[in-house]
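Please read the following alongside the sequence and the coordinates. The text goes through the model part by part.

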Amino acid sequence: MYEYELENEDKDLKKVGLELMFMTPEKCEKPDGITAIELAKLVDLPVEVVKKKLNILKEAEVVRVKGINPKYWKFDEYNFQRMDEQDEIFRLLCSFDDVDFDRYFQY
């Protein structure tokens, strides 16, 4: 199990997680997912920060990684739906109070 406690809400982790959660196939160049570099550009964060957040999400089993160089990252809806509702990462990704959904959807 991953060792990560969210004492204060980790806004960067939430940003990376939600971007992957709402990632549509049209937004990815490859069907396997998105690279950390592409994701960093989307969320406007340094690549090293995004890589750390991706590893936290991977340890929590809510993202999958495919490939070696480059690695392609993809949200794992199946595992996410089976998470404990008290899990800190589950709660972080489900708190939508400050989320601008226009960022993820075009109406």
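Strands β1 and β2 form a hairpin with 5 residues between them, and G67 in the turn has a positive phi of about 95°. The model is predicted: local features need pLDDT of at least 70, side-chain atom pairs count only at pLDDT 80 or more, and totals for chains, interfaces and linings use all residues. Residues are numbered from 1 along each chain as its sequence is written, and side-chain values use heavy atoms, with hydrogens and water left out.

The hairpin strands, β1 (residues 63-66) and β2 (residues 72-75), run antiparallel and are joined by 4 bridges. Two strands count as paired if DSSP finds at least two bridges between them; helices (H or I, at least four residues) and strands (E, at least two) are DSSP runs, numbered from the N terminus. Among the bridge partners, R64 is matched with K74 in β2, and K66 with Y72 in β2. The loop between β1 and β2 also holds P70, which a cis peptide bond joins to N69, with omega about 5°.

Positive phi values also occur in residues other than glycine. D44 has a phi of about 60° and sits in the loop between α2 and α3. At 67% relative accessibility D44 counts as exposed (buried means under 20% relative accessible area, exposed over 50%, partly exposed in between, with a 1.4 Å probe and protein chains only). E61 has a phi near 65° and is placed in the loop between α3 and β1.

Next come the charged pairs. Side chains of opposite charge can pair when their charged atoms come close. Taking a salt bridge as a side-chain nitrogen of Lys or Arg within 4 Å of a carboxyl oxygen of Asp or Glu, the count comes to 3. One of them links D10 and K53 at 2.8 Å, N to O. D10 lies in the segment before α1 and K53 in helix α3, so this pair ties together parts that are 43 residues apart in sequence. D10 is buried, with a relative accessible area of 12%, and K53 is buried at 14%. The side chain of D10 also reaches the backbone nitrogen of L13 at 3.0 Å, a polar contact (a pair of N or O atoms within 3.5 Å, one able to donate a hydrogen and the other to accept it within protein; residues adjacent in sequence count only if both atoms are side-chain atoms).

K66, already met in the hairpin, forms a salt bridge with D32 at 3.3 Å, N to O. K66 is in strand β1 and D32 in the loop between α1 and α2, so the pair ties together parts that are 34 residues apart in sequence. Both ends are partly exposed: K66 at 49% and D32 at 30%. In the salt bridge of E88 and R91, the N to O distance is 3.8 Å. These two residues both lie in helix α5 (residues 88-94), 3 residues apart, about one turn of the helix.

Which residues line the largest pocket? They are T35, A36, I37, K51, N55, I68, N69, P70, K71 and W73. The elements that give two or more residues to this lining are α2 (36-43) and α3 (47-59). The lining divides into 5 nonpolar, 3 polar and 2 charged residues (Ala, Val, Leu, Ile, Met, Phe, Trp, Tyr, Cys and Pro count as nonpolar, Asp, Glu, Lys and Arg as charged, and the others, Gly among them, as polar). The space in the largest pocket is about 200 Å³. On a 1 Å grid over the protein atoms alone, a pocket is an open set of points where a 1.4 Å probe fits, with protein on both sides within 12 Å along at least five of seven lines, and lining residues have an atom within 4 Å of a point. Grid points are joined across faces, edges and corners, and the volume is the space filled by probe spheres set on the points.
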